[in-house]
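Please walk me through this structure, beginning with how its helices pack and ending with individual residues.

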Amino acid sequence: MVNEEMSDKELLQKNVEEFSRLQSYMLLCEKDSAVYKAMKIRYVELKVILTASSVNLTELDIIKE
């Protein structure tokens with residue numbers, strides 16, 4: 001079996017898609033819920049990853065926290 005690694009472009013695309021999807025889920029929850037708080041941890045992680053990758057989050061970040 002060949003070990004295939006994601007290219008930087010594919011990894012960036014995956015993170016952008018996850019960031020967008022996660023925000024959609026966050027909007028469905030109450031901000032004080034345990035589920036929202038758990039999702040917010042991943043939201044912050046993805047925001048750091050995307051910012052470090054020079055992605056402009058102006059249009060993507062609908063939560064803005």
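The paragraphs below go from the helix pair to the core, and then to single residues.

The model is predicted. Two packed helices are described by the angle between their axes and the distance between the axes. Here the axes of helix 1 and helix 2 come within 10 Å and cross at roughly 150°. Angles over 145 degrees count as roughly antiparallel, and helix 1 is therefore roughly antiparallel to helix 2. The crossing in which helix 1 passes helix 2 is left-handed. Helix 1 covers residues 8-26, and helix 2 covers 34-52.

Which residues form the contact of the two helices? From helix 1 come Leu12, Asn15, Val16, Glu18, Phe19, Leu22, Gln23, Tyr25 and Met26, and they meet Tyr36, Met39, Lys40, Arg42, Tyr43, Leu46, Lys47, Ile49 and Leu50 in helix 2. By residue class, this contact of helix 1 with helix 2 divides into twelve nonpolar, two polar and four charged residues.

In soluble globular proteins, nonpolar side chains tend to be buried together. The largest nonpolar core of this model has eleven residues, namely Phe19, Leu22, Met26, Tyr36, Met39, Tyr43, Leu46, Leu50, Val55, Leu57 and Ile63. Helix 1 and helix 2 each supply at least two residues of this core. The most comes from helix 2, which gives five residues.

Met26 belongs to this core and also takes part in the contact of the two helices. Not counting residues up to four places away in sequence, Met26 touches Tyr36, Met39, Lys40, Tyr43 and Ile63. Among these partners, Tyr36, Met39, Tyr43 and Ile63 are members of the core. Lys40 is listed on the helix 2 side of the contact with helix 1.

Polar residues of helix 1 come next. Gln23 lies in helix 1 and counts as buried because its relative accessibility is 1%. Beyond residues up to four places away in sequence, Gln23 touches Tyr43, Leu60, Asp61, Ile62 and Ile63. Two of these partners, Tyr43 and Ile63, are core residues.

Asn15 is also placed in helix 1. With 8% relative accessibility, Asn15 counts as buried. Leaving aside its neighbours within four places in sequence, Asn15 is in contact with Arg42, Leu46, Ile49 and Leu50. Of these, Leu46 and Leu50 belong to the largest nonpolar core.

Is Gln13 buried or partly exposed? Gln13 is found in helix 1, and because its relative accessibility is 45%, Gln13 counts as partly exposed. Gln13 and Leu50 are separated by 37 residues in sequence and by 10.0 Å in space, C-alpha to C-alpha.

On the other side of the helix pair, Ile49 lies in helix 2. A relative accessibility of 32% makes Ile49 count as partly exposed. Apart from its neighbours within four places in sequence, Ile49 is in contact with Asn15 and Arg42. Ile49 and Ala34 are 15 residues apart in sequence, and their C-alpha atoms are 23 Å apart in space.

The segment after helix 2 holds Ser54 and Lys64. Phi of Ser54 is near 65°, a positive value in a residue other than glycine. Ser54 counts as exposed because its relative accessibility is 67%. Lys64, too, is a residue other than glycine with a positive phi, in this case near 55°. At 59% relative accessibility, Lys64 counts as exposed.

What does Lys64 touch, not counting residues up to four places away in sequence? Its partners are Tyr43 and Thr58. Tyr43 is touched by Gln23 and by Met26 as well. Lys64 and Gln23 are 41 residues apart in sequence and 9.8 Å apart in space, C-alpha to C-alpha.

Technical notes
Residues numbered from 1 in each chain as written. Predicted model: local features only at pLDDT ≥ 70, side-chain atom pairs only at ≥ 80, totals over all residues. Heavy atoms only, no water. Helix = DSSP H or I, 4+ residues; strand = E, 2+ residues; numbered from the N terminus. Buried < 20%, exposed > 50% of the residue type's maximum accessible area, 1.4 Å probe, protein only. Contact = heavy atoms within 4.5 Å. Core = buried A, V, L, I, M, F, W, Y, C linked by side-chain atoms within 4.5 Å. Axes fitted to C-alpha atoms, helices over the stretch in contact; angles between N-to-C directions. Parallel < 35°, antiparallel > 145°, perpendicular 65-115°, else oblique. Left-handed = near helix turned anticlockwise from the far one by under 90°. Nonpolar A, V, L, I, M, F, W, Y, C, P; charged D, E, K, R; others polar.
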